[in-house]
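Subject: A structure for you to explore

Hello,

I am passing a structure on to you, with some notes on what turned up in it. Please open it and keep it beside you while you read.

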Amino acid sequence: MKKNIYKILSFSIVTFSTNSFCTFESIRSESTECHTWSGNTFKPATIFYPNSIEDVQEIIRNAIKTDKKIRFFGSRHSLNDLIATNGYAVNTDSFNKILEINQKMGTVRVECGIKLKQLFKELAKNNLALLNQGFIKEQSIAGALATGTHGSGKTGTLSDFIVSVELLDGLGKYHVISADSNPQWLQAARLHLGTLGFVYAVTLQCVPLFVLSHARKAHTWHDIFENLEQYYLKNDYFMLMAHPISDNVLAFTWNVSQEKPTNNFFINLTQKLLMNEITNYLGIKFIHWQPGLTNDFIDHFFKAMEQTEYREYSYKTLSPIKDPLEETDYIEEEIAIPMQYFRSAIEDIVALYNKYKKHNFELVGFMTCRFVKGSRKALLSPAYDQDSVYISLVTLSIFDQYQQFYAEFEKLMSKYQHARPHWGKFNQLTQTTVAALYQNNLTQFNAIRAILDPYKLFTNNYVEQRLG
Ligand SMILES: Cc1cc2nc3c(=O)[nH]c(=O)nc-3n(C[C@H](O)[C@H](O)[C@H](O)COP(=O)(O)OP(=O)(O)OC[C@H]3O[C@@H](n4cnc5c(N)ncnc54)[C@H](O)[C@@H]3O)c2cc1C
């Protein structure tokens, strides 16, 4: 009943406030409920489905008139309230085209809402690929860039591959931001949490399509700690999967190969069985049924996951998980720690886990350790100016203590200078902690933000609590 009244009220507000805009009628939705991939719900006043830059300009003009805030959203995969709003929520799915491929420069210009999986396929058809990518490819390109999405290896985050950003600011004015036109703005526009305006399109630097030889092998923590530098330097791409309960670690390696992908039926079948949505679903159900993982289970699982070298195109093997199902209780926090503190950080995490485990708290998924080369390209990048290892911890909201656990995780890691949480995952950052972690970068970012968004249209509670 309450829901219906809300719908009627919101419908009349929209009709009243937008009756002078003919396009508004066709691009707004009657539905007023949104939820993220991990089940956070919110109720925007209106959800818009624009099809053109002009549509978005009208949304911006109308938001100024009616004093509404705007949040754009892509695939809704951020594991927090980044996209939540009680103002205008704007879906970017229609902006899904490749605008230009420049073979000479090796660049691609794409609209913001294209999903990574579609982008990667189109690039491959043109013999191109991104140098690196995250573990899944469901995200929209603009969403992935806005939060500093990363993979693992000796490269930066996806935001580092940006050549230029085409943006509508808070007055609806169109800008092309590049290193030539405005290098300071580009440093902000590479990773912006949706706070600078509407990213209409981006141009990305690509590399020629390449094949990687991939293997997975179980190691002990002792071996990893002793030989980390060697493993990291020796392999083109390297990451670790572990659980604090076990002494075993699964190492993933990928190395560039000049040979063709292996076309082995059994390997392909094993990959499909391990990484598909049914296994994913069964895994989640198992975790709900039996949240406490045992040492034996992990050791057997890692043995089963071992894989001898096989070759595959980079865009397929670097993002092996296909179509992960939406999971409402899923919580994940990931912190980028300067690489030199890796061993000490892992020891801290094991001690923290053991303390909470006594109180029936469990980390359900695997802890991943992924390596990112530091750069000074994006002001708000967690890996700004420091080679980092991103450590992620996964739990479920069924464990009451999860907020307290993650608060302690953040506090523990804060002793390593500039250990910065991923913006697109759960975190309890505040203005004070963000100011300490980003210092002058935050001041510079907010100064650019004040120029591009003078009415502070592109904000919400998540942003206010962290950036002001
Ligand atoms: C299962 C899963 C696996 C993941 N794996 C990885 C991983 O391997 N590596 C990693 O780093 N992260 C990973 N993430 C996090 C994810 O990559 C980021 O949260 C990313 O932002 C999600 O992209 P999206 O399209 O869903 O963006 P959304 O969540 O929809 O939006 C993210 C931000 O982008 C802004 N935005 C989106 N489009 C626009 C636009 N056109 N203009 C302006 N602002 C815009 C939004 O306002 C918001 O602030 C994972 C998340 C999940 C759920």
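Let's begin with Asn102, whose opposite number in strand 8 is Thr107. Keep in mind that this is a predicted model. The two strands involved here are strand 7, covering residues 98–102, and strand 8, covering residues 107–111; they run antiparallel and are joined by four bridges. Together they form a hairpin with four residues between the strands. Which residue of this hairpin takes a positive phi? Look for Gly106, where phi is near 70°.

Strand 8 has a further partner to find. Strand 12, residues 198–205, pairs with strand 8 in the antiparallel sense, this time over five bridges. If you want one pair to locate on screen, try Val110, which has Val202 of strand 12 as its bridge partner.

Strand 12 also leads us to the ligand, since at least two residues of the surrounding shell come from this strand. Strand 5 (70–73) and helix 5 (141–146) each supply at least two as well. Which element gives the largest share of the shell? That is helix 5, with four residues. There are 33 residues around the ligand, and the ones that come nearest are Gly74, Gly134, Gly143, Gly194 and Gly424. How does the shell divide by class? You will find 16 nonpolar residues, 15 polar ones and two charged ones.

Strand 5 turns up again in an open sheet of four strands. The order in this sheet is 1-4-6-5, and the pairing is mixed. Strand 5 and strand 1 (28–29) are the edge strands, each pairing on one side only. The partner of strand 1 is strand 4, residues 46–48, and these two pair over two bridges in the antiparallel sense. Within that pairing, Ser29 sits opposite Ile47 of strand 4. As you look at such strands, it helps to know that side chains in a regular strand alternate between the two faces of the sheet.

Finally, step back to the whole chain. It is divided into three parts: domain 1 spans 2–91, domain 2 spans 98–208 and domain 3 spans 211–428. Where domain 1 meets domain 3, seven residues of domain 1 are in contact with 10 residues of domain 3. On the domain 1 side, three of the residues are nonpolar and four are polar, with no charged ones.

Enjoy looking around!

Best wishes

How values were computed: Residues numbered from 1 in each chain as written. Predicted model: local features only at pLDDT ≥ 70, side-chain atom pairs only at ≥ 80, totals over all residues. Pairing = 2+ DSSP bridges. Near = placed C-beta within 6 Å. Nonpolar A, V, L, I, M, F, W, Y, C, P; charged D, E, K, R; others polar. Domains from an automatic or database assignment. Contact = placed C-beta atoms within 7 Å.
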